[in-house]
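User: I would like to learn how to read several features of a model, one after another. Could you take me through them, giving the general idea and then the case at hand?

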Amino acid sequence: MIEEDGLRMNDLFLRACFGRPVERVPIWIMRQAGRYLPEYREVRKTHDFWTLCTTPELAARVTIQPVDRLGVDAAILFSDILVPLPAMGRAVAFRPAPEIEKPVRSAGEIRELRVPDPEKDLGHVLETIRILRRALAGRVPLIGFGGAPLTLAAYLVEGKGGGKFQAFHALFYEQPEAARLLIEHLARAEAEFLAAQIDAGAQAIQIFDSWAGILPRDLYQDFALEPTRGLVDSIRREGVPILYYARDAAHILDLLPRTGADVLSLDEKLPLSLAAERIGPGPALQGNLDNALLLGAPLEKIENAAARVLDDAPRDRGHVFNLGHGILPGTPVASAVHLVESVKRLGRRSDGVSENEKR
Ligand code: 1CP
């Protein structure tokens with residue numbers, strides 16, 4: 001525990017991100033606020049998703065729901081990676097999967113995209129963070145977040161997630177300079193937005209690169225790596241860990257330390273021990289239980305799978321328990337609760353006296 005503004009602060013998650021000693025492995029769950037929670041669906045009955053994201057009191061309320069219900073070790077701001085797009089000049093509809101009304105396809109359109117002013121255009125997000133820091137009062141750290149340049153570019157060009165990303169690939173092969181311009185523009189916009197989130201009180205930042213895997217290795221390396229590293233670099237602040245979630249990234253694992261992130265968050269495809277060999281020494285790891293396991297597997301099976309992830313995680317670095325991808329809307333709450341309880345019970349580490357206890 002460290003003292004901050006006279007409040008006792010639970011910093012277990014932050015210590016694990018920096019690979020410092022922990023008494024147990026912390027856990028939070030990607031998309032931990034959302035449709036699988038009845039109390040979230042209750043709020044959604046009277047407010048649409050965009051209203052939730054843009055009304056600080058509501059966004060703060062649903063952020064805290066999983067902290068109360070599951071007892072996770074970190075809160076993540078309720079928002080969406082696509083929230084800055086309207087301020088760039090592209091409206092987004094959530095049905096509930098997002099659709100960009102007018103995809104961006106040419107260098108001319110890319111040059112017209114604005115860099116949002118965080119305070120003026122996205123002040124609601126910053127206000128949500130300020131409310132949450134007061135409401136959480138050190139109970140758990142608050143994670144701010146944004147999309148990685150590559151993933152945001154994929155949505156902007158394609159108009160939606162998923163599919164074969166044909167328009168996106170065409171941009172890289174047919175208009176490589178336009179692709180570069182777009183990714184650099186997005187890296188600049190995210191740098192300003194995420195820095196503003198930290199200034200408002202976010203205690204860690206997760207950069208979501210959910211579509212990190214859509215490009216072959218050479219294109220990821222040529223187009224995405226440097227802007228992502230630049231983004232990480234420009235938001236670096238003392239004591240604020242940066243987590244980089246790269247989904248479907250088995251072919252680029254050895255490149256990921258070059259992003260400079262403190263924590264690499266991985267999907268369920270490879271055991272963390274094998275991923276760590278390819279990554280090399282350094283960053284802490286986050287992950288990587290298969291989210292599908294929570295949909296219907298018996299509680300005992302969930303517990304055994306959690307134990308396997310905990311046992312397999314390398315001991316030479318920090319580990320933050322999470323899923324390989326966001327929790328699915330059909331997940332029974334009891335499964336999520338059981339996962340958190342199991343990880344708290346099974347994840348004790350013998351290296352594990354907190355720095356405070358050692359003193
Ligand atoms: O009906 C509803 O209530 C909307 C469903 C929903 C929710 C709850 C969407 C639409 N976004 C969110 C919240 C959200 N999105 C959070 C905060 C909740 C939390 O973590 O507790 C976060 C961190 C995100 C991040 C996000 N949005 C990502 C990265 C993580 C991931 O899952 O890969 C991505 C890719 C998005 C885009 C998006 N927004 C919504 C959906 C359903 C999607 C993804 C699906 C798609 O592209 O088709």
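User: Where is the place of N288, and which residue does a cis peptide bond join to N288?

Analyst: In this predicted model, N288 has its place in strand β10, which covers residues 284–289, and the cis peptide bond joins G287 to N288, with omega at about -15°. A second cis peptide bond links R95 and P96, where omega is also about -15°; P96 belongs to the loop between β4 (92–94) and β5.

User: What should I notice about the phi of R31, and where is R31 found?

Analyst: The sign of the angle and the residue type are to be read together: phi of R31 is near 65°, a positive value in a residue other than glycine. R31 is found in the loop between α1 and α2, and R31 is also among the residues that lie nearest the centre of the largest pocket, together with R35, F49, D80 and P98.

User: How is the largest pocket lined, and what is its volume?

Analyst: Rolling a probe the size of a water molecule over the atoms shows where empty space is left. Here the largest pocket has a volume of about 1,000 Å³ and is lined by 37 residues, which divide by class into 22 nonpolar, eight polar and seven charged. Among the elements, α2 (38–46) and β5 (98–100) each supply at least two residues of that lining.

User: Where does the ligand sit, and which residues are closest to the ligand?

Analyst: The ligand sits in the largest pocket, where 22 residues surround the ligand, the closest being Y40, D80, Y155, S210 and H325. By class, this shell comprises 13 nonpolar, five polar and four charged residues.

User: Which polar atoms of Q32, Y40 and R44 lie opposite oxygen atoms of the ligand?

Analyst: Such pairs are read from the distance between N or O atoms, with 3.5 Å as the cut-off. An oxygen atom of the ligand is 2.5 Å from a side-chain N or O atom of Y40, while for R44, again through an N or O atom in the side chain, the distance is 2.8 Å; in the case of Q32, a polar backbone atom lies 3.1 Å from a ligand oxygen. Taken alone, the ligand exposes 870 Å², of which the protein buries 91%.

User: Which backbone atoms lie opposite the side chain of N10?

Analyst: N10 has its place in the loop between β2 (7–9) and α1 (12–17). A polar atom of its side chain lies 3.1 Å from the backbone nitrogen of L12, and a polar atom of the N10 side chain lies 3.2 Å from the backbone oxygen of R139.

Technical notes. Residues numbered from 1 in each chain as written. Predicted model: local features only at pLDDT ≥ 70, side-chain atom pairs only at ≥ 80, totals over all residues. Heavy atoms only, no water. Near = heavy atom within 4 Å. Polar contact = N/O pair within 3.5 Å; in protein donor to acceptor, adjacent residues only side chain to side chain. Areas by Shrake-Rupley, 256 points an atom, 1.4 Å probe, with all protein chains shown as cover. 1 Å grid on protein atoms, 1.4 Å probe; cavity = no way out; pocket = protein on both sides within 12 Å on 5 of 7 lines; lining within 4 Å. Sits in = over half its atoms within 2 Å of the grid points. Nonpolar A, V, L, I, M, F, W, Y, C, P; charged D, E, K, R; others polar. Points joined across faces, edges and corners; volume = space filled by probe spheres on them. Helix = DSSP H or I, 4+ residues; strand = E, 2+ residues; numbered from the N terminus.
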